[in-house]
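Reader: I am in my first year and would like a close look at a single part. Please take the sheet, together with what joins and surrounds its strands, and go through it step by step.

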Amino acid sequence: WFENRRIAEVAYSFPSEASYQQTFTEARSFQRFVLPSSERATEVNITVTATTGEGDTCISEVQVFGDS
């Protein structure tokens, strides 16, 4: 796993134009991010802003939870 490229940072953006940054650790587990303020949206864009190296990097899983 440590030989593979990994995502180091992402930006979450919403239709409201709010944007939040998350930096990932080297942990081999899911990493949680709680929005600092509530967002009401039916979609979220995730932009990879940093990786651990050059070339292709894959995202295998993303989970989004919200209140209704």
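Author: A residue is called buried when its relative accessible area is under 20%, exposed when it is over 50%, and partly exposed in between. The model described here is a predicted one.

Take the sheet itself. It is an open sheet formed by 3 strands, which lie in the order E2-E1-E3 with antiparallel pairing. Which strands stand at the edges? They are E2 and E3, and each has a single partner strand, so one side of each is left without a neighbour in the sheet. From one strand to the next, the twist averages 20°.

Now the two pairings, one after the other. Strand E1 covers residues 7-13, and E2 covers residues 19-23. These two strands pair in the antiparallel sense over 5 bridges. Two of the bridge partners can be named: Ser13 is matched with Ser19 in E2, and Val10 is matched with Gln22 in E2. E1 and E2 form a hairpin with 5 residues between the strands. In this hairpin, Glu17 takes a positive phi near 75°.

On to the other pairing, that of E1 with E3. E3 covers residues 45-51. E1 and E3 run antiparallel and are joined by 6 bridges. Ala11, for its part, stands opposite Thr47 in E3. As a general point, side chains in a regular strand alternate between the two faces of the sheet.

Next comes the loop between E2 and E3. Ala27 is found in this loop. Is Ala27 buried, partly exposed or exposed? Its relative accessible area is 32%, which is neither under 20% nor over 50%, so Ala27 is partly exposed. Glu39 comes 12 residues away from Ala27 along the chain, and the C-alpha atoms of these two residues are separated by 27 Å.

Last is the largest pocket. About 1,700 Å³ of space lies in it. It is lined by 44 residues, and the closest to its centre are Tyr12, Gln31, Phe33, Val62 and Gln63. Which element gives the largest share of this lining? It is E1, with 4 residues. Sorted by class, the lining of the largest pocket has 20 nonpolar, 14 polar and 10 charged residues.

To put E1 back in its place: in the order of the sheet it lies between E2 and E3, and it also gives the largest share of the lining of the largest pocket.

Definitions and conventions:
Residues are numbered from 1 along each chain as its sequence is written. This is a predicted model: local features need pLDDT of at least 70, side-chain atom pairs count only at pLDDT 80 or more; totals for chains, interfaces and linings use all residues. Side-chain values use heavy atoms; hydrogens and water are left out. Buried means under 20% relative accessible area, exposed over 50%, partly exposed in between (1.4 Å probe, protein chains only). Two strands pair if DSSP finds at least two bridges between them. Axes are lines fitted to C-alpha atoms, for helices over the stretch in contact, and angles run from 0 to 180 degrees between N-to-C directions. On a 1 Å grid over the protein atoms alone, a cavity is a set of points where a 1.4 Å probe fits but cannot get out, and a pocket is an open set with protein on both sides within 12 Å along at least five of seven lines; lining residues have an atom within 4 Å of a point. Grid points are joined across faces, edges and corners, and a volume is the space filled by probe spheres set on the points. Ala, Val, Leu, Ile, Met, Phe, Trp, Tyr, Cys and Pro count as nonpolar, Asp, Glu, Lys and Arg as charged, and the others, Gly among them, as polar.
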